[in-house]
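Student: Please take one part of this model and go through it closely. I would like a connected account, with the surroundings of that part included.

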Amino acid sequence: MDESPRARPAERPRNAAATRQRLLDAAGELFAERGYERSTVRAIAERAGVNQALLFRYFGSKDGLLTEVVARGSLEQLHATAPEELFETALRSMLTRSAPGADRSLEVYLRSVGRGDEATGTLRELGGEYQKALAGLTSARDGALRADLAMAWLLGIGLMRTVAAREPLASADPEAVCRLVLTTLDRFWTLPDPPPLPDDDPHGGGTA
């Protein structure tokens, strides 16, 4: 019997949506666990319990699947979360990644951010959206810089805990990590503007 996609009847809309969701879930798990390069199309399809031809039917390519995994997770979370809660929400999602239903898109971001293909555009968009939201938490002139520093801290924690698995951070209690990080971050947003750079002449006058 011919098992090619052409020989199969079209999936019903409900089944198609369920299949698509299973592929997204499976890809998100594998990208977070293994990284993009080591997550093969075959492995994704096997975990989803579908024929790998369906991955190409719904997403076009593995790159297209990665793009949608990132967009579905991080971008949806960003748009649904108040800016003042965004950092904590992302941090807690990352720290509790093994909990049922936990969002693992930050891990996917960490393991995929260096890619030089079509997914890079979505990853850059995600970084820009986070920067914009976080920069609005301070009235300081260097708000964008503070936002980037906060993101660097968040991604650094993720890198050390989930990718490098460095102890004691890898097994630290999520509440203990949140207490230390969030207490410090509260002060970070309220620091006053830095003093203006001094003129070339420290006395404010011209040359004699």
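Tutor: What follows starts with the whole chain, then takes helix α8 and its two flanking loops, and ends with a short stretch elsewhere. The model is a predicted one. The chain has 9 helices and 0 strands, so its pattern along the sequence is simply α-α-α-α-α-α-α-α-α. Of the 208 residues, 40% are buried. Among contacts with a separation of 6 or more, 69% are between residues 24 or more positions apart.

Helix α8 covers residues 143-163, and α5, which covers residues 83-95, packs against α8. Two packed helices are described by the angle between their axes and the distance between the axes. For this pair the angle is about 5 degrees and the axes are 10 Å apart. Angles under 35 degrees count as roughly parallel, and α5 and α8 are therefore roughly parallel to each other. On the α5 side, the residues that meet α8 are Phe87, Ala90, Leu91, Met94 and Leu95. Their partners in α8 are Ala150, Leu154, Ile157, Gly158, Arg161 and Thr162. An α-helix has 3.6 residues a turn, so residues three or four places apart point the same way. The contact sets include Phe87, Ala90 and Met94 in α5, and Ala150, Leu154, Ile157 and Arg161 in α8.

Arg161 deserves a separate look. Besides taking part in the contact with α5, Arg161 is buried and has no salt bridge. The nearest side chain of opposite charge belongs to Glu167, 7.5 Å away. A salt bridge needs a side-chain nitrogen of Lys or Arg within 4 Å of a carboxyl oxygen of Asp or Glu, so the 7.5 Å separation from Glu167 falls outside that limit. What the Arg161 side chain does reach is the backbone oxygen of Ala172, at 3.0 Å.

Glu167 also takes part in an unusual piece of backbone: the peptide bond from Glu167 to Pro168 is cis, with omega near 10 degrees. Pro168 lies in the loop between α8 and α9, the latter covering 174-190. The loop between α8 and α9 also holds Ala165. Ala165 is not a glycine, yet its phi is positive, about 55 degrees. With a relative accessibility of 46%, Ala165 counts as partly exposed.

On the other side of α8, Leu137 is placed in the loop between α7 (119-135) and α8. Its relative accessibility is 29%, and Leu137 counts as partly exposed. Neighbours within four places in sequence aside, Leu137 is in contact with Pro83, Glu84 and Trp189. Pro83 and Leu137 are 54 residues apart in sequence, but their C-alpha atoms are 7.2 Å apart. Pro83 falls within α5, residues 83-95, and Trp189 within α9, 174-190.

The last stretch is around α2. Ser39, in the loop between α1 (13-34) and α2, has 0% relative accessibility and counts as buried. Leaving out neighbours within four places in sequence, the contacts of Ser39 are Leu30, Phe31, Arg34, Ile44 and Lys62. Ile44 is one of the buried residues of α2 (residues 41-48), along with Val41, Ala43, Ala45 and Ala48. After α2 comes Gly49, with a positive phi near 75 degrees.

Technical notes: Residues numbered from 1 in each chain as written. Predicted model: local features only at pLDDT ≥ 70, side-chain atom pairs only at ≥ 80, totals over all residues. Heavy atoms only, no water. Buried < 20%, exposed > 50% of the residue type's maximum accessible area, 1.4 Å probe, protein only. Helix = DSSP H or I, 4+ residues; strand = E, 2+ residues; numbered from the N terminus. Lys, Arg positive; Asp, Glu negative; His and termini not counted. Polar contact = N/O pair within 3.5 Å; in protein donor to acceptor, adjacent residues only side chain to side chain. Contact = heavy atoms within 4.5 Å. Axes fitted to C-alpha atoms, helices over the stretch in contact; angles between N-to-C directions. Parallel < 35°, antiparallel > 145°, perpendicular 65-115°, else oblique.
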